[in-house]
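Reader: I would like a close look at one part of this model, the nonpolar patch on the surface. Please set it in its chain, then move on to the partner chain.

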Amino acid sequence: MSLRRFILKRLLLTVPILFGVSVITFALVHLTPGDPISQMVAENPNVSQAEEAQLRAQYGLDGTLWEQYATWIGNVLSGDFGDVYGSSQSVAGVLISRLPETIALGLFGWVFALVIAIPTGVYAAINKDKFGDTASRIIALSGISIPNFWLGLMLILVGALWLGWWDVGAPRTAVYHPEMLWFLILPGITVGTAAAASIMRVMRTSMAEELNKEYVVAARAKGLPERKIILKHVLRNSMISVVTLAAMLTASIVAGSVVVETVFNWPGLGRELVQAIHGHEINLIMAITLFTGFFIVLANLLADILYAVLDPRIRYD
Amino acid sequence: MVKGDKQSRSAINRRRVLQGLGAAGVVSIAGCLGGSDDDEVSFPLDVRLEVDADNDDRVEWTQVIQQIMEDTGYFDVDIEQHSWDDYSDRVLDEEYQDNGYIAFIGLSGTFNPESFCDALHGTANQGQCCNLNGLGYDELDEMIDEARFGSDVADDPELRAERYDEIWHELADYRGSSLILHTTDEYVRNTDVHGFAPFPFSESTLSYALHSPIDEQVMWLDRSDATPDETDRSDLQEGGTLRFGVPANIASFDPPYSSDTTSTMSQELIFEQLITSDTEGNLQPWLAESYESLDVQDIERDAYEDYMTTASADEEGAIDVDEQVILTHPDDSPVADDEVRVLTPEGASDAVDDGVYGMQWRYHLHEGIEFHDGEELTAENVVLSVERYENSDLSAQTFDSLLHARQVDEYTVDLYAQIPDAEAERELPGIYIHSTEQASLEGGDLDPRQDNEPVGTGPYVFEEFEDEGYFIATKNESYWLEEKGIDALEWFDGPSDFPAGPVIDEVDMDIIPEDSTRSGQLQNDEIDVTYNLVSSTLNDFDSDDDFIVDSIESGGYQYFQYPVNVEPWDDDRLRKAVNHLVPREQIVDEVLDGWGEPAWTMIPELAQGSGTTDYDALESELKPHNEFDTEEAIKLIEEVIDDRGYESDV
């Protein structure tokens with residue numbers, strides 16, 4: 001199968017996946033008690049039942065669950081994600097305006113994770129069972145275990161309140177402004193730590209495994225410098241599992257950003273999702289979930305493609 | 001509209017009542033009293049308390065009360081918690097009252113004393129906000145109605161106050177609900193902020209603190225000052241940027257289409273109303289130079305019968321009319337009837353033409369007031385603004401008393417009330433005045449997100465808004481009051497050098513939903529003032545010399561309601577007994593670290609204006625009903641058991 005056909009096939013596969021995601025999310029959102037209208041009504045004693053019924057009809061919240069889903073999916077297929085009940089903005093507009101922030105944070109976290117994890121993993125594998133290895137494994141284990149909201153708060157406490165190097169709140173500049181990049185360091189570390197720890201562990205294991213293989217012995221026997229063996233041959237071969245994991249961790253970074261964005265008051269999709277859930281903003285919840293779903297599928301596709309680049313033996317079929 | 005997030009729990013407009021509720025879920029059999037007569041009542045009595053899990057403080061005092069009830073030996077008490085976001089569905093249901101549960105909630109009040117009795121005990125509010133347990137009866141409804149509506153109380157505040165006094169005594173005797181405490185709002189600021197004083201209802205705090213001649217209130221910044229508590233106005237400094245941290249996004253800049261606190265806070269910088277209020281609820285003219293009551297006619301709501309049109313109503317009670325329904329005929333019910341008679345704006349206008357109205361109030365506007373876009377304010381703006389509230393999100397509350405607005409001449413406008421209303425002076429002109437251009441915008445479109453920057457007459461001009469990020473307002477360089485001078489306010493009796501407008505150049509509202517982030521930013525000098533922090537954080541700030549915590553009675557209250565329609569709770573002695581088991585002082589001191597006021601009366605002190613003839617007397621009369629007294633409680637319970645012949649193993 002050619003690469004193009006493979007990509008096409010995988011992209012087509014996203015349709016049923018996203019359909020499943022949408023059905024599950026829609027059902028869950030509607031099964032939780034309460035809806036935006038009850039909330040509006042609850043907070044205004046003067047709304048009559050008549051007005052409540054009108055509001056419900058206006059927002060398409062009357063009818064059975066399936067009718068509501070059909071209306072919703074119909075609108076989405078024609079490119080209309082609906083409006084935010086609370087502010088009458090279009091959901092698509094909100095999504096587009098929040099996206100750069102989340103991408104920036106995600107990238108930062110991802111880059112942080114890779115920059116920390118790969119060298120540490122390599123170091124640990126080379127120095128297997130020595131002090132450095134044990135230390136880095138303990139750190140990695142802590143990294144996986146620390147809840148990211150706690151880590152975020154601690155980084156704020158130390159970095160902003162004690163050292164005074166950072167502001168607690170984000171500067172009012174464009175996302176790509178240098179000041180913003182400086183600010184992103186703490187949330188980036190927070191969102192990337194768990195991923196860094198996982199990647200480091202996989203890097204170490206897979207590197208250690210490669211180091212035991214015969215071609216390494218051959219290379220050593222051939223008199224290749226150790227540095228060249230590791231960087232040119234072993235590293236590349238050990239990267240395959242790391243790449244898969246890194247792509248998979250996109251999901252964990254996206255999920256982590258929900259909490260991290262709230263702690264750092266970072267105006268991305270994660271914080272938006274939390275507020276949407278609190279406010280029963282069904283359209284917004286649906287759109288963000290679908291979008292992240294799509295994004296994760298895409299990241300996995302990318303990982304599969306990268307496989308081939310790293311290991312020419314892998315064929316798409 | 002109100003977002004149901006945690007931050008908006010106490011962030012609800014002064015006329016919005018529900019403060020914090022929580023949710024549905026599995027109805028368990030254990031601890032259920034049941035509504036049917038077959039259930040044997042026996043002591044120890046199974047009791048279920050219900051509370052929303054999102055409000056830690058509320059859960060805590062519910063547990064305190066549970067413990068005390070169990071300690072008497074007469075009750076087996078379960079607590080069921082629900083998430084706040086969904087609690088409304090559960091408790092705001094007509095059938096909830098039959099469960100026999102005791103529901104714990106909180107509300108925010110207004111300067112209108114009615115908000116402390118009707119919402120909880122009005123039979124019309126059963127199954128709505130916030131009469132959850134079917135409290136109330138006809139005589140009480142009548143008492144509540146007669147304390148606000150009718151020409152006698154509209155003319156005679158003393159009579160009105162007497163009627164409310166009777167209501168508070170009646171409520172203490174009926175004991176359908178137990179108030180636990182009156183809530184307070186806490187604002188934390190750094191010592192650069194001088195002259196800050198919060199308004200009782202938080203949505204007005206920012207504009208009030210910045211500049212409010214009615215209490216000679218003005219705020220300024222002094223970034224260099226070493227004497228933090230120096231608030232002498234002779235040290236006043238002009239200029240600077242105030243950084244105000246708010247816990248929720250600005251949902252909309254469109255006044256009739258929003259009601260959350262942060263939206264109103266921002267709107268209050270830009271828009272103004274015909275009148276203004278001090279912290280005690282006293283009113284003075286504002287955009288109006290003066291106003292007067294021209295006429296009161298003693299009519300009832302059915303007097304509009306001839307001006308009503310007939311409209312069909314569907315099963316759920318939706319009335320099929322495009323226009324605003326100003327009132328529905330008192331004899332018709334949209335839910336029960338297929339057709340109802342309704343009064344629309346056209347009919348209301350005809351009624352006023354024929355001299356049918358309850359009250360006529362006349363407002364004389366200041367001449368020469370300009371909107372930020374240069375348009376001059378005239379009576380027409382008032383009429384158009386009232387029309388903009390028709391069929392808006394706030395239409396129900398706007399037209400609960402308002403009948404019609406009519407331009408008399410360029411600077412004179414009349415507002416008509418449906419029937420004589422003692423709250424008319426406050427309620428009728430309670431809308432923001434819009435420019436002609438913006439008054440014609442579609443509902444919700446008056447918002448920078450819809451490419452319409454709000455334009456008002458207010459002291460600050462819209463500058464920039466980043467959704468969920470920040471809002472910047474800069475000083476209106478041609479503010480009408482500054483151009484006219486403070487003496488343009490005839491009622492102002494303060495010093496003539498009192499500033500005629502706010503002295504701070506720029507207000508930055510930073511939207512920071514997470515409490516810990518907001519308090520971190522305050523500590524790190526990234527914001528100057530914030531509110532809605534948890535009580536433990538408040539203690540830290542309070543003991544820190546670099547920060548000042550201002551606490552103000554906010555008009556909100558926390559309470560629980562007895563299922564009066566379910567045996568044995570239909571016996572008022574049992575309700576009074578449990579009421580004596582509420583340790584109000586202990587709850588305020590230990591659960592809230594002192595950030596609250598024990599509730600001895602139904603009405604908080606700040607709303608006393610027309611709500612009682614003598615607050616201290618009322619408090620001392622009602623306090624004995626509400627004091628913690630286990631012996632009295634046990635005596636009452638024993639009485640109930642003996643009289644009703646209930647089984648008891650106690």
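Author: Five residues make the nonpolar surface patch: Val158(A), Trp162(A), Leu163(A), Trp165(A) and Trp182(A). Its area is about 610 Å². Bear in mind that the model is predicted.

Take Val158(A). This residue sits in helix H7 of chain A, which spans residues 148-162. Is Val158(A) buried or exposed? Neither label fits: Val158(A) is partly exposed, because its relative accessible area is 35%, and partly exposed covers the range between under 20% and over 50%. A patch residue needs over 30%, and Val158(A), at 35%, has that.

Now the chain that carries the patch. Chain A holds 13 helices and zero strands. Read from the N terminus, its elements are α throughout: α-α-α-α-α-α-α-α-α-α-α-α-α. Along the principal axes, the C-alpha atoms of chain A fill a box of roughly 85 × 55 × 35 Å. The accessible surface of chain A is about 15,500 Å². Carbon and sulfur atoms own 69% of that surface. Of the 317 residues in chain A, 47% are buried. Contacts in chain A can also be sorted by sequence separation. Among those with a separation of 6 or more, 72% link residues 24 or more positions apart.

Chain B offers another kind of detail. Strands S19 (residues 402-409) and S20 (residues 412-417) of chain B pair in the antiparallel sense, over six bridges. A hairpin of two residues joins S19(B) to S20(B). Leu402(B) stands opposite Ala417(B) in S20(B). In a regular strand, side chains alternate between the two faces of the sheet.

Last, a residue of chain B that touches chain A. Arg449(B) lies in the loop between helix H13 (436-439) and strand S21 (460-466) of chain B. Arg449(B) counts as buried because its relative accessible area is 18%, and the cut-off is under 20%. What does the side chain of Arg449(B) reach at 3.0 Å? The partner is the backbone oxygen of Ala251(B). A second polar contact, of 2.7 Å, joins the side chains of Arg449(B) and Asp467(B). Leaving aside residues up to four places away in sequence, Arg449(B) touches Gln89(A) from chain A. On the chain B side, Arg449(B) touches Asn249(B), Ile250(B), Ala251(B), Ser252(B), Phe253(B), Phe465(B) and Asp467(B).

How values were computed. Residues numbered from 1 in each chain as written. Chains lettered and ligands numbered in written order. Predicted model: local features only at pLDDT ≥ 70, side-chain atom pairs only at ≥ 80, totals over all residues. Heavy atoms only, no water. Helix = DSSP H or I, 4+ residues; strand = E, 2+ residues; numbered from the N terminus. Buried < 20%, exposed > 50% of the residue type's maximum accessible area, 1.4 Å probe, protein only. Polar contact = N/O pair within 3.5 Å; in protein donor to acceptor, adjacent residues only side chain to side chain. Contact = heavy atoms within 4.5 Å. Pairing = 2+ DSSP bridges. Patch = residues over 30% accessible without salt bridge, like charges linked within 9 Å, V, L, I, M, F, W, Y side chains within 5 Å. Areas by Shrake-Rupley, 256 points an atom, 1.4 Å probe, with all protein chains shown as cover. Salt bridge = Lys/Arg side-chain N within 4 Å of Asp/Glu carboxyl O.
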